[in-house]
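Okay, thanks everyone, I'll keep this short. Have a look at the structure while I talk you through a helix pair and a pocket.

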Amino acid sequence: MRFLESLLPKLFITLIPSSGGIRLYGELRKKGKMIKRFEEQRVEFGAALEKEIKTLERESSVSYIALLETEASQGVLQSCRDSEGSDLSNVEKICIEKRWGLFIDKDELFERQKDYKQIGLDLLFSPFSLLASFYEKKLRESDGLYLLLTDDYLIAAVFKDNTLLFGTQRFMQDELRLSDSVQALDRYIDTIQSCVKAFYEAKVDDNMFIERLYIADTLDFDTDLENRLEELLFVEVEKQRIDLSHELVLLCEKELR
């Protein structure tokens, strides 16, 4: 069955919750190549979303639906073992390459499964996993602070020797309603600085100093972002534009190999 399935094009449907509705996107892929893409749209959760998904599913007899979990209580672990002194009895843990781990609240995970029962989720990912996947090659050679900037939240993760030492998620919805783009930029810079401060205060590795920032940017900030961070934090900054929905499709494909 898996052999026959491998010969067929696969439809990947991704769902990313946002303040403006669910971001719905699809790609039809075969043997690691995109055959067709379906433009991203924002759809209201519920009947409208179910209808759009059913329409997309007509494109292929093999389809997978993935959700990027951005709202549930979640975090990172330095290893796949329980952290000393931490109560992780009510969380679901996932190991990443036996190097580090992720956790999510079990009750909230159960609620999410109920929310999407009518749709039927095949895969659920953390933004930390997506960030690590996007920078997979870079993580093998460069220690530093890796960031994902979106309309609704900011993900910050410090990696050393391809292992995650520290991670935090900061919600940004209220700030993005500011009409002044300069104010919005200021708020993101302040939040990044606070993430750096939180890492040092956590004292997870006294020998780790952040010298490089790698930014995956969905907002398309101009070079003022890099320039100001370099001046304020005395670091090197490398920024890349990221298509969040497309990268989630690629992460799905990796997971199914």
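Before anything else, a convention: helix angles from 65 to 115 degrees count as roughly perpendicular. And keep in mind that this is a predicted model.

So, the helix pair. H4, residues 127-134, packs with H9, residues 244-255, at an angle of about 85 degrees, and their axes are 10 Å apart. That angle falls inside the range I just gave, so H4 and H9 are roughly perpendicular to each other. Which residues make the contact? On the H4 side you've got Ser-129, Leu-130, Ser-133 and Phe-134. H9 brings Leu-244, Glu-247, Leu-248, Leu-251 and Lys-254. Sorted by class, that contact has five nonpolar, two polar and two charged residues.

Now, staying on H9 for a second: Glu-253 sits in that helix too. Is Glu-253 buried or exposed? The cut-off for buried is under 20% relative accessible area, and Glu-253 comes out at 14%, so it's buried. Setting aside neighbours within four places in sequence, Glu-253 is in contact with Phe-12, Arg-29 and Gly-32.

Last stop, the largest pocket. There's about 500 Å³ of space in there, and 20 residues line it. Lying nearest its centre are Ile-96, Glu-97, Ser-129, Ser-133 and Leu-251. You'll recognise some names: Ser-129 and Ser-133 of H4 and Leu-251 of H9 were in the helix contact as well. Elements giving two or more residues to the lining are strands S6, S7 and S8, plus H4, helix H5 and H9. By class, the lining splits into 11 nonpolar, four polar and five charged residues.

Conventions
Residues numbered from 1 in each chain as written. Predicted model: local features only at pLDDT ≥ 70, side-chain atom pairs only at ≥ 80, totals over all residues. Heavy atoms only, no water. Axes fitted to C-alpha atoms, helices over the stretch in contact; angles between N-to-C directions. Helix = DSSP H or I, 4+ residues; strand = E, 2+ residues; numbered from the N terminus. Parallel < 35°, antiparallel > 145°, perpendicular 65-115°, else oblique. Contact = heavy atoms within 4.5 Å. Nonpolar A, V, L, I, M, F, W, Y, C, P; charged D, E, K, R; others polar. Buried < 20%, exposed > 50% of the residue type's maximum accessible area, 1.4 Å probe, protein only. 1 Å grid on protein atoms, 1.4 Å probe; cavity = no way out; pocket = protein on both sides within 12 Å on 5 of 7 lines; lining within 4 Å. Points joined across faces, edges and corners; volume = space filled by probe spheres on them.
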